[in-house]
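Colleague: Could you take me through one part of this model at close range? I would like to follow the charged side chains and see how they pair up.

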Amino acid sequence: MIFRSNTVILMLVVSMAVTACGRDKEIFDKNGDFKIRDAGPDEFAIVPTKELEIPEDTTTLPEPALGSVNRVDLVPQKDAVAALGGQPDRLDSTLVANDEQALIAAASRNGVSADIRDQIAEDDKKFNKKNRRKRFERWFGFGSRLKTYQNQSIEQTQELNRLRRQGVRTPSVTSAE
């Protein structure tokens, strides 16, 4: 009996000594993705600008203001909308356009709840309380949340085949079978 307890204590001491030899920096972030160890430059943070433009009349330029948009900075969303033939200025507007009224009417045909986010959060909290993870999953932080919502998910291949049988075109998807 003494031999076993000494062995267990020795194993604990050795395991603590080995884990103490670890590095100060974390290798993985909270999502489990590998982190880069050195804090070198981020090549994706460097964004090229548009060509400089000199306006025909410099008196029409707005006064510089802190936090204002630079005319040569790229605005990817507006550039994409313009490339697709849309109106990029509408992205800045908070007003509902006339051609969007039908969409809003169709989406709100069964009524609109002002506190929908709070209501969904409360329903989700009740569902999670009723369908708690098992004890070891809670203690050690593992377990799949996907199992909780499994009956609410769509099986992709079956849905794709169902849509194709109805004649819905799915050009971006290759063969489903």
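Modeller: Happy to; here is a walk through the salt bridges, with some background on the chain first and a few neighbouring features afterwards.

Please keep in mind that this is a predicted model. The mean pLDDT of the protein chain is 77, and 73% of its residues reach 70 or more. Confidence varies along the chain: among its elements, helix α5 (residues 135-140) has the lowest mean pLDDT, at 67, while α2 has the highest, at 89.

The overall layout is quickly told. The protein chain has six helices and zero strands, so read from the N terminus the order is simply α-α-α-α-α-α. Of its 177 residues, 5% count as buried. Contacts between residues 24 or more positions apart make up 11% of those with a separation of 6 or more. The accessible surface comes to about 17,300 Å², and carbon and sulfur atoms hold 57% of that.

Now to the charges. Side chains of opposite charge can pair when their charged atoms come close. In this structure there are four salt bridges.

Let us start with Asp92 and Lys78, whose side chains meet in a salt bridge with an N to O distance of 2.5 Å. Asp92 sits in the loop between α2 (76-83) and α3 (101-107), whereas Lys78 belongs to helix α2, so this pair ties together parts that are 14 residues apart in sequence. The two partners differ in their cover: Asp92 is exposed, with a relative accessible area of 54%, and Lys78 counts as partly exposed at 23%.

The loop between α2 and α3 holds another pair. Arg90 forms a salt bridge with Glu100, and their closest N and O atoms are 3.6 Å apart. Both Arg90 and Glu100 lie in the loop between α2 and α3, so the bridge ties together parts that are ten residues apart in sequence. Arg90 is partly exposed, with a relative accessible area of 35%, and Glu100 is partly exposed too, at 34%. There is a further member here: Arg90, Asp99 and Glu100 are linked in a network of salt bridges.

For another pair, please move along to helix α6 (residues 156-165). Glu159 forms a salt bridge with Arg162, the closest N and O atoms being 2.6 Å apart. Both residues lie in helix α6, three residues apart, which is about one turn of the helix. An α-helix has 3.6 residues a turn, so residues three or four places apart point the same way. Glu159 is partly exposed, with a relative accessible area of 24%, and Arg162 is partly exposed at 33%.

While you have helix α6 in view, have a look at both of its ends. At the N-terminal end, Glu155 acts as the cap: one of its side-chain oxygens lies 3.3 Å from the backbone nitrogen of Thr157. After the helix comes Gly167, whose phi is positive, near 95°.

Next, Thr170 is found in the segment after α6. Is Thr170 buried or exposed? Its relative accessible area is 18%, and because buried means under 20%, Thr170 counts as buried. Leaving aside residues up to four places away in sequence, Thr170 touches Leu160 and Arg164. With Arg164 there is also a polar contact of 2.8 Å between the two side chains.

For contrast with the charged pairs, finish at the other end of the chain. A nonpolar surface patch of about 480 Å² is made there by Val8, Ile9, Leu12, Val13 and Met16. Leu12 has its place in helix α1 (residues 2-20), and Leu12 is partly exposed, with a relative accessible area of 48%.

To sum up the charged side chains: Asp92 in the loop pairs with Lys78 in helix α2, Arg90 joins Asp99 and Glu100 in a network, and Glu159 pairs with Arg162 within helix α6.

How values were computed. Residues are numbered from 1 along each chain as its sequence is written. This is a predicted model: local features need pLDDT of at least 70, side-chain atom pairs count only at pLDDT 80 or more; totals for chains, interfaces and linings use all residues. Side-chain values use heavy atoms; hydrogens and water are left out. Helices (H or I, at least four residues) and strands (E, at least two) are DSSP runs, numbered from the N terminus. Buried means under 20% relative accessible area, exposed over 50%, partly exposed in between (1.4 Å probe, protein chains only). Contact means heavy atoms within 4.5 Å. Accessible areas come from the Shrake-Rupley method with a 1.4 Å probe; for residues, only the protein chains shown count as cover. A polar contact is a pair of N or O atoms within 3.5 Å; within protein, one must be able to donate a hydrogen and the other to accept it, and residues adjacent in sequence count only if both atoms are side-chain atoms. Patches are made of residues with over 30% relative accessible area and no salt bridge: like charges are joined within 9 Å, nonpolar side chains (Val, Leu, Ile, Met, Phe, Trp, Tyr) within 5 Å. pLDDT is the predictor's confidence in each residue, from 0 to 100.
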